[in-house]
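The paragraphs below go through a few helices, a sheet and two loop residues. Please keep the sequence and the structure in view while reading.

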Amino acid sequence: MWHWFKESMQAHPELAIFLTLALGFTIGRLKIKSVTLGSVTGTLLAGVLVGQLDIQIPDLVKTVAFIGFLFALGYRVGPQFFAALKKDGVPQLVIAVIGCVFGLIVAYAMAKIMGYGPGWGAGLLAGGLTQSAVIGVATDAINGSSSIPDDQKQTLVNQIPVGYAVCYLFGTAAAAYFLSQLAPRMLGTRNLAAECAELERQLGTFSDPDSQPAYRQVVRRTYRVSEGSELDGSTVQAEETLARNRGRRIYLQRFRRGDELAFTTPDTVLRAGDVVTVTANHSDFIHGEMTAVGTEVDDTELLGYDIETLSVVLLNKKLQGRTLAELAQQDEARNLFVKKVVRAGVEIPFGLTTVLHHGDELTIEGPKELVEQAVPVIGKPNRTSDETDYSYIGFGIFLGGLIGIPTVAIAGADIGLTTSGGALIMGLIFGWLRSRNPSFGRFPPAAEWLMDTGGLCMFVGIVGIQSGPNFISGVKSEGLGLLFAGLVVTLLPMFLTLFLGRWLYKWPTATNLGSTAGTFTTTASIGAICDAAKSRVPVLGYTVPYAIGNTLLTIWGTVIVALLS
């Protein structure tokens with residue numbers, strides 16, 4: 001039976017790939033306290049296990065998966081990458097660039113101290129700085145290098161995933177613990193949760209760690225106007241303005257007078273006996289703020305109008321750099337509420353003081369006709385669809401590959417972007433272009449995930465299969481030294497970015513921690529930080545550095561090979 005299974009896998013390597021993915025995602029879900037291995041590391045380890053069957057897989061499969069991953073990565077972070085080049089993103093851009101450069105320097109220094117060549121050095125960089133994409137970029141750089149003898153290339157390539165696995169496993173856990181538990185105290189914050197709660201209060205956000213998705217932020221109810229009440233004889237606009245002066249947002253959308261139903265206008269005068277719909281935040285209702293309107297009644301017919309929830313990409317230059325409070329003052333924003341703000345693919349906490357960036361995706365809710373009127377004022381709608389504009393995606397990958405082919409001779413070595421590096425750069429550009437005009441280039445989240453996470457996992461799974469026979473011997477020969485070097489590469493650059501954020505820009509601790517996690521693309525760390533903070537506020541510092549870190553750390557895969565060759 002075993003002999004038949006082994007021969008089947010060798011004869012049909014495509015089956016071995018899917019077995020590796022199945023095992024890898026299962027392993028990746030295993031949790032040690034609050035830290036999980038993740039799908040990428042799990043798939044690499046599964047690949048090493050399956051690779052013991054001595055399976056041969058064509059390199060073309062691995063290359064296609066990796067190029068697709070890098071393009072999707074660039075596409076996702078492109079809008080925020082270019083936004084960081086503008087004034088309000090410069091501080092986070094500066095910290096991220098300094099952190100990434102210092103991370104490269106530390107990785108190079110530790111590689112030289114340990115006597116590592118480009119194989120172990122690239123694995124150290126990939127795992128220590130928790131950037132899986134380095135595996136593929138460094139592999140391409142080694143295979144394309146003219147200064148490395150051909151008979152040594154495969155040995156060096158096999159060293160990369162070993163170095164990555166050892167350093168990533170321990171580095172991820174160390175980074176998550178350091179940033180969530182030790183770093184806040186090092187920065188002078190004894191109670192991170194309390195600090196984040198105060199920041200949420202300043203932002204005007206609602207955050208209740210015990211609330212469930214059933215919580216409705218925006219609520220619509222019906223009230224009968226009482227005789228002599230504040231609303232009796234008042235115009236809709238006057239009542240809504242009065243509420244704003246009291247620090248609340250309410251809208252009177254529809255009303256019943258006798259047997260007739262009608263939508264209000266700002267000049268509509270309401271009378272005692274009218275029944276009117278009141279739209280406001282849930283907190284205003286539970287605090288009894290609606291008693292001045294009248295008595296609540298159950299009028300399902302009056303609330304029978306359509307409500308639309310729609311994602312809109314902010315493109316209007318006049319709104320960029322303004323706050324949500326200023327956006328709410330637009331005539332077109334009447335009776336509309338922002339439900340969610342997504343920046344560079346990451347949902348961020350928001351409030352009335354949140355400053356809007358170009359390319360932000362705002363999920364707005366309100367009566368359908370009013371939502372549709374507001375869309376052209378904000379930007380372009382991003383309506384739900386499962387279709388992918390593969391003409392746009394395919395052409396972007398093709399162009400990226402073309403610009404990555406040329407090389408430049410530097411110090412006797414041919415240096416170039418490679419096709420994978422070109423795909424990353426073109427992904428940044430095409431993702432940015434899509435954010436500028438989302439009427440083309442649709443790339444739904446599910447399709448993006450399949451090319452991004454799925455492509456990377458397929459790539460590292462194949463890497464694990466190919467390096468499997470040499471993996472165990474490599475760990476035995478370099479394990480302890482590699483582990484120590486990896487921890488230095490992981491933690492030392494974090495000290496620098498935290499120091500700069502604290503004393504150069506005087507960021508709050510939550511923002512500082514999020515920025516450091518983003519710079520070194522440690523997704524496990526941002527989760528641990530948010531858990532410790534009992535808040536999503538640290539994500540505000542995460543998005544811009546994450547875009548910069550993903551780009552620069554990936555490019556470092558080529559640089560470290562050139563430096564150590």
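Helices and strands are here DSSP runs, H or I of at least four residues for a helix and E of at least two for a strand, and they are numbered from the N terminus. The model is a predicted one. With that naming, Lys 506 lies in the loop between α16 (445-503) and α17 (509-519). The phi of Lys 506 is near 55 degrees, which is a positive value in a residue other than glycine. Most residues other than glycine have a negative phi. Lys 506 is exposed, with a relative accessible area of 62%, and the cut-off for exposed is over 50%.

Asp 54 is another loop residue to look at, placed between α3 (38-51) and α4 (59-83). Asp 54 is not a glycine, yet has a positive phi of about 60 degrees. Its relative accessible area is 43%, so Asp 54 is partly exposed.

At the start of the chain, consider the pair formed by helix α1 (residues 2-11) and helix α2 (residues 13-28). Their axes come within 5 Å and cross at roughly 105 degrees. Angles of 65 to 115 degrees count as roughly perpendicular, and α1 and α2 are therefore roughly perpendicular to each other. On the α1 side the contact involves Phe 5, Met 9, Gln 10 and Ala 11, which meet Pro 13, Leu 15, Ala 16 and Leu 19 of α2. By class, this contact of α1 with α2 holds seven nonpolar residues, one polar residue and no charged residues.

Next comes helix α7 (residues 133-144). At 1.5 Å a residue, its twelve residues should span 16 Å, and the end C-alpha atoms are 17 Å apart, which agrees. Helix α7 is mostly covered, with nine of its twelve residues buried. The buried residues of α7 include Val 134, Ile 135, Val 137 and Ile 142, and Gly 136 and Thr 139 are also among them.

The last element is a sheet. Five strands form it as an open sheet with antiparallel pairing, in the order β5-β4-β6-β3-β7. The edges are taken by β5 (260-263) and β7 (294-297), each with a single partner strand, so one side of each has no neighbour in the sheet. Neighbouring strands of this sheet are turned by 35 degrees against each other on average, direction ignored. At the β5 edge, strand β4 (residues 250-257) runs antiparallel to β5 and is joined to it by four bridges. Within this pairing, Phe 255 has Ala 262 in β5 as its bridge partner.

Methods:
Residues numbered from 1 in each chain as written. Predicted model: local features only at pLDDT ≥ 70, side-chain atom pairs only at ≥ 80, totals over all residues. Heavy atoms only, no water. Buried < 20%, exposed > 50% of the residue type's maximum accessible area, 1.4 Å probe, protein only. Pairing = 2+ DSSP bridges. Axes fitted to C-alpha atoms, helices over the stretch in contact; angles between N-to-C directions. Expected span 1.5 Å × (residues − 1). Parallel < 35°, antiparallel > 145°, perpendicular 65-115°, else oblique. Contact = heavy atoms within 4.5 Å. Nonpolar A, V, L, I, M, F, W, Y, C, P; charged D, E, K, R; others polar.
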